[in-house]
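Trainee: Got a minute to go through a structure with me? I'd like to get a feel for how the pieces pack.
Mentor: Sure, let's pull it up.

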Amino acid sequence: MDGALGQEEFLLLLLSDSNLPTGGFVSSSGLESHIQHGLLQSPPKDGLVDFIRASLDSYAKLQVPFMAEVHRLVESLREASLTSGEKGKGTELERDDAVLGRVVELDNELSAMMLNHVARRASTAQGVALLTLYQRSFDIESEVGVGKLVARLRAGIRAGECSGYQTVGFAVLAAGLGVTLASSTNLFLFLHARSLLSSAVRLNAVGPYVSHRLLLHDVGPMVEEAVLFYEGTKNKGGRWDEEGDEDGPATTWPLGEILGTRHELLHSKIFNS
């Protein structure tokens, strides 16, 4: 019928639902530590915008290249599993092993680049929750394709072969459902920004009306700018193997890493990170 949502639009609404059981509300991404260390500038609204800008920039430049590469791998696996027939089971097994091996490798590379152990702990909890959400709620054919990959990936996490970070879990979930990389990137960054604003409301830094005004007028353009920056780099799909490549993943906000690490030293806190 006219005006009906397309499949991807519906999926984006579904994945942006704050009721999804992914554990996002337990993390402030360093905002609580930032505030308790007295670094939120006055007025709080302006200081919060500055924090989100720095956090989103660092988050995009470190996490998006990994998310894009995992998305590309899972998307190719999904397409292959949808078109393959009964022939070539050996080839399919080799393909599945190669995809899983590369996803595990990327997860371990991301672990090496995440300096903040508090953020790593929060990210693994949310990543496992995203994989569990896919397996229990969205997967129909668990014995083939992406469903089989998720089952093997979760087994690898339990065995200590990888950590299962949020970035990896989100990419697997989005690509497994058929959401395009462009839409996944926008949603990935939007959810991070929205989570920061939600944390600010719970920390009483701003009220809910100010939070939504900031999300529309200030944070929205930041997300768009971060997406355009990523699309303008040559490393679409996460290929950053060249030595001295400046477009590869990087942490751009050392202060945020330090403050995030100090979160567990706070005398009183309401978030886990």
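**Packing around helix 5**

Mentor: What covers the buried residues of helix 5 includes helix 6, helix 7 and helix 10. Keep in mind that this is a predicted model.

Trainee: Okay, which residues of helix 5 are buried?
Mentor: Among them are Val118, Ala122, Leu130, Leu131 and Tyr134, along with polar ones such as Ser123, Thr124 and Gln126.

Trainee: And how far does helix 5 reach?
Mentor: From first C-alpha to last, its 22 residues reach 31 Å, close to the expected 32 Å at 1.5 Å a residue.

Trainee: Back to helix 10, then. What do its buried residues pack against?
Mentor: They pack against helix 2 (31–36) and helix 5. The buried residues in question are Gly256, Glu257, Leu259 and Gly260.

Trainee: Switching topic: how many residues are in the largest nonpolar core?
Mentor: It has 66 residues, and Leu48, Ile52, Val70, Leu153, Phe170, Val172 and Leu189 have the most contacts inside it. Helix 3 (44–83) is among the helices that each supply at least two residues, and the largest share, 16 residues, comes from helix 3.

Trainee: What does Val172 touch?
Mentor: Leaving out residues up to four places away in sequence, Val172 touches Val70, Val74, Leu131, Val146, Val150 and Leu153.

Trainee: Last one: which residues form a nonpolar patch on the surface?
Mentor: Leu5, Phe10 and Leu13 do, with about 320 Å² of accessible area together.

Trainee: Why does Leu13 count as exposed?
Mentor: Because its relative accessibility is 52%, and exposed means over 50%. Leu13 sits in helix 1.

How values were computed
Residues are numbered from 1 along each chain as its sequence is written. This is a predicted model: local features need pLDDT of at least 70, side-chain atom pairs count only at pLDDT 80 or more; totals for chains, interfaces and linings use all residues. Side-chain values use heavy atoms; hydrogens and water are left out. A nonpolar core is a set of buried Ala, Val, Leu, Ile, Met, Phe, Trp, Tyr and Cys residues joined through side-chain atoms within 4.5 Å. Buried means under 20% relative accessible area, exposed over 50%, partly exposed in between (1.4 Å probe, protein chains only). Helices (H or I, at least four residues) and strands (E, at least two) are DSSP runs, numbered from the N terminus. Contact means heavy atoms within 4.5 Å. Patches are made of residues with over 30% relative accessible area and no salt bridge: like charges are joined within 9 Å, nonpolar side chains (Val, Leu, Ile, Met, Phe, Trp, Tyr) within 5 Å. Accessible areas come from the Shrake-Rupley method with a 1.4 Å probe; for residues, only the protein chains shown count as cover. A salt bridge is a side-chain nitrogen of Lys or Arg within 4 Å of a carboxyl oxygen of Asp or Glu. The expected span of a helix is 1.5 Å times one less than its number of residues.
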